[in-house]
Protein chains: 2
Amino acid sequence: MAEAHDMLFRTLADPTRRALFERLCREGEKTVGALTAKAGVSQPVVSKHLNLLKQAGLVRDRHEGRQTHYSAQLGALAPLIDWTSQMARFWETRFDDLENLLRRMDQ
Amino acid sequence: MAEAHDMLFRTLADPTRRALFERLCREGEKTVGALTAKAGVSQPVVSKHLNLLKQAGLVRDRHEGRQTHYSAQLGALAPLIDWTSQMARFWETRFDDLENLLRRMDQ
DNA sequence: ATAACGTATAGCTGTACGGCTATGGATTTG
DNA sequence: CAAATCCATAGCCGTACAGCTATACGTTAT
């Protein structure tokens, strides 16, 4: 049962891949060539990473002639945000429970 | 230049490891034995994962006799939250820029 | 002191994956 | 039509790592 978070975390775990996503967030739509120019890895590697980002829903691709434009899909980060705040909520709940317990013990 | 996000994302990318962290968030402090009981993997594997979580700052360990208690360190998620909101901010900035551009073009 | 218990470490194995080069398919240019 | 350009795919290699068993280390119990 590979959850949705799995792919998201795994996809963002690789530095090269995350850097690509960050550039797309910062600078907007880019072609594969433009991305490759400053990626520090070969073009096939960039294409491969972009494909994985796409499968994770983190980017969109748009074909125009012989070049492909990629852009960030920020909405895909939602599960990550949800997960994080859920962990925080669990933590706070336990903290509240502890507080309640101590309060009851005080009486 | 392995950034701080690297370890965090990589550490949370593994399902088994993330499940351990989630349990510690939900249920609070647990011993290695208690965690192993429902982890679905062997005890050495659990210990290994806990060590990695510890190196990432995601958990604390507390030794009590012959058993070790682990607990979640929620603060370690801060860089992750920062990164996410930063990406969102970049995205919104570009969106605002686009809006401004369109507004100027409208005149 | 010895045994039993809880955890950590060591060492091994298989697999997943990031990097590369080479090449193919599609499109634009000469 | 030929050549060049852009990207994707195929195939290979090396390394990282998650899982295992065996074992060592420290603590409690007998």
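Contact here means heavy atoms within 4.5 Å. With that cut-off in hand, take the protein–protein side of this predicted model: 100% of the interface residues of chain A are also interface residues in chain B, so the two copies meet through the same surface. The superposition fits that picture. Chain A lands on chain B after a rotation of 180 degrees, with 0.0 Å of shift along the axis and an RMSD of 0.0 Å. The pair is thus related as by a two-fold rotation axis.

Now turn to DNA strand D. It has 23 residues around it, and the closest are A:Gly33, A:Gln43, A:Ser47, B:Arg10 and B:His49. On the DNA side, 66% of the strand D atoms that come within 4 Å of the protein belong to sugar and phosphate.

Which elements supply at least two residues each of the surface near strand D? From chain A, they are helix H3 (32-37), helix H4 (43-55) and strand E3 (67-72); from chain B, helix H2 (15-27) and helix H4 (43-55). H4(B) gives the most, with five residues. Sort the residues of this surface by character and you get seven nonpolar, ten polar and six charged.

Zoom in on the side chains and three parts of the strand come up. For the phosphate, an N or O atom in the side chain of A:Ser47 sits 2.4 Å from a phosphate oxygen of strand D. For the sugar, the side chain of A:Thr68 has an N or O atom 3.2 Å from a sugar or linking oxygen. For the bases, look at chain B: a polar side-chain atom of B:Arg66 is 3.3 Å from a base oxygen of strand D.

How values were computed:
Residues numbered from 1 in each chain as written. Chains lettered and ligands numbered in written order. Predicted model: local features only at pLDDT ≥ 70, side-chain atom pairs only at ≥ 80, totals over all residues. Heavy atoms only, no water. Least-squares fit on C-alpha atoms with pLDDT ≥ 70 in both. Near = heavy atom within 4 Å. Polar contact = N/O pair within 3.5 Å; in protein donor to acceptor, adjacent residues only side chain to side chain. Helix = DSSP H or I, 4+ residues; strand = E, 2+ residues; numbered from the N terminus. Nonpolar A, V, L, I, M, F, W, Y, C, P; charged D, E, K, R; others polar.
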